[in-house]
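Reader: I would like to learn how to read side-chain contacts in a model. Can we take them one feature at a time?

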Amino acid sequence: MAAGTSNYWEDLRKQARQLENELDLKLVSFSKLCTSHSHSSGRDGRRDRLSSDTTPLLNGSSQDRMFETMAVEIEQLLARLTGVNDKMAEYTNSAGVPSLNAALMHTLQRHRDILQDYTHEFHKTKANFLAIRERENLMGSVRKDIESYKSGSGVNNRRTELFLKEHDHLRNSDRLIEETISIAMATKENMTSQRGMLKSIQSRMNTLANRFPAVNSLIQRINLRKRRDSLILGGIVGVCTILLLLYAFH
């Protein structure tokens, strides 16, 4: 009976050591995966800041799958090791040789400490990885928002610039129109003044013509030339006015 219980205890210890060795290898690989992801994320972050890329820092659905797979495997190994430790605890409580209880309890406590260390290391590494991933997703989202804001600002700036150019063009056109109108008004006043002077001169000439018939023919020729000059001057002023208006509205 003692030999059978001893073999059972040794089988449990063998299972515990085997699971602990597997857990040790898995945790080393798991830690390397998280560490490599952290380093690659830092390099990707620097490249993204230099290139203004909006791609999220976490570049690895395959890396995520590997992380999830390894996490599930480690959790399963921890559960199995916990079960073996529970069986060892039951064995130490039911052992029939009191002199061996102290040694068995010491061995059980050592395996429990190993299990606790592995569990703590696993949860710490997993939490670090998840924190890095959450930070990357947040940074990617912020970077997208910044790029979107910059793109929208660029469009708004271009629109504002076009509006300002159009506004300046309209102001220049208004100024040219006002100058043209001022020139036209001054020309009209000048022509009105000249017309009054010419009428006064004509009345005087008519008076002289009535007194001196020989001068009448001369006055008529002068009147014809005056009308011709008036038509030429009016045509020049009209053409200049039209050209100014065309230039202003072009």
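Author: Start with the rings. In this predicted model, ring pairs link F30, F67, F122 and F129 into a cluster.

Reader: How many aromatic pairs are there by the rule used here?

Author: The count comes to five aromatic pairs.

Reader: What describes a pair of aromatic rings?

Author: Two values describe it: the distance of the centres and the angle of the planes. Now a case. The centres of the F30 and F67 rings are 5.3 Å apart, and their planes meet at 25 degrees, so this pair is stacked. Planes under 30 degrees apart count as stacked.

Reader: Where in the chain do F30 and F67 sit?

Author: F30 is in helix α1 and F67 in helix α2. They are 37 residues apart, so the label "distant parts of the chain" applies to what the pair links.

Reader: Are F30 and F67 buried or exposed?

Author: F30 is buried, at 0% relative accessible area. F67 counts as buried too, at 1% relative accessibility. The cut-off for buried is under 20%.

Reader: Which values describe the rings of F67 and F129?

Author: Their centres are 3.9 Å apart and their planes are at 15 degrees, so F67 and F129 are stacked. This pair joins helix α2, which holds F67, to helix α3, which holds F129. The two residues are 62 apart in the chain. F129 counts as buried, with 1% relative accessibility.

Reader: Next, the nonpolar core. How many residues does the largest one have?

Author: It has 26 residues. Those with the most contacts inside it are L23, F30, I74, L78, M88 and F122. Helices α1, α2 and α3 each supply at least two residues of this core.

Reader: Which helix gives the largest share of this core?

Author: Helix α2 does, with 11 residues.

Reader: What does I74 touch?

Author: Leave out residues up to four places away in sequence. Then I74 touches L23, K26, L27, F30 and F122.

Reader: K26 is in that list of contacts. Which residue forms a salt bridge with K26?

Author: General idea first. Side chains of opposite charge can pair when their charged atoms come close. Here the partner of K26 is E73, with the closest N and O atoms 2.5 Å apart. E73 lies in helix α2 (residues 61–94) and K26 in helix α1 (residues 2–51). The pair links distant parts of the chain, 47 residues apart. E73 counts as partly exposed, at 29% relative accessibility. K26 is also partly exposed, at 29%.

Reader: How many salt bridges does the rule give?

Author: The count comes to three salt bridges.

Reader: What does E68 pair with?

Author: E68 forms a salt bridge with R133; their closest N and O atoms are 4.0 Å apart. E68 is in helix α2, and R133 is in helix α3 (residues 98–211), 65 residues apart.

Reader: Are E68 and R133 buried, exposed or partly exposed?

Author: E68 counts as partly exposed, at 39% relative accessibility. R133 counts as buried, at 17%. The cut-off explains the second label: buried means under 20%.

Reader: Which residue pairs with E75?

Author: K126 does, with the closest N and O atoms 3.2 Å apart. This salt bridge links E75 in helix α2 to K126 in helix α3, 51 residues apart. E75 is partly exposed, at 36% relative accessibility. K126 is partly exposed as well, with a relative accessible area of 24%.

Definitions and conventions
Residues are numbered from 1 along each chain as its sequence is written. This is a predicted model: local features need pLDDT of at least 70, side-chain atom pairs count only at pLDDT 80 or more; totals for chains, interfaces and linings use all residues. Side-chain values use heavy atoms; hydrogens and water are left out. A salt bridge is a side-chain nitrogen of Lys or Arg within 4 Å of a carboxyl oxygen of Asp or Glu. Helices (H or I, at least four residues) and strands (E, at least two) are DSSP runs, numbered from the N terminus. Buried means under 20% relative accessible area, exposed over 50%, partly exposed in between (1.4 Å probe, protein chains only). Rings of Phe, Tyr and Trp (its six-membered ring) pair if their centres lie within 6.5 Å; planes under 30 degrees apart count as stacked, over 60 as edge-to-face and the rest as tilted. A nonpolar core is a set of buried Ala, Val, Leu, Ile, Met, Phe, Trp, Tyr and Cys residues joined through side-chain atoms within 4.5 Å. Contact means heavy atoms within 4.5 Å.
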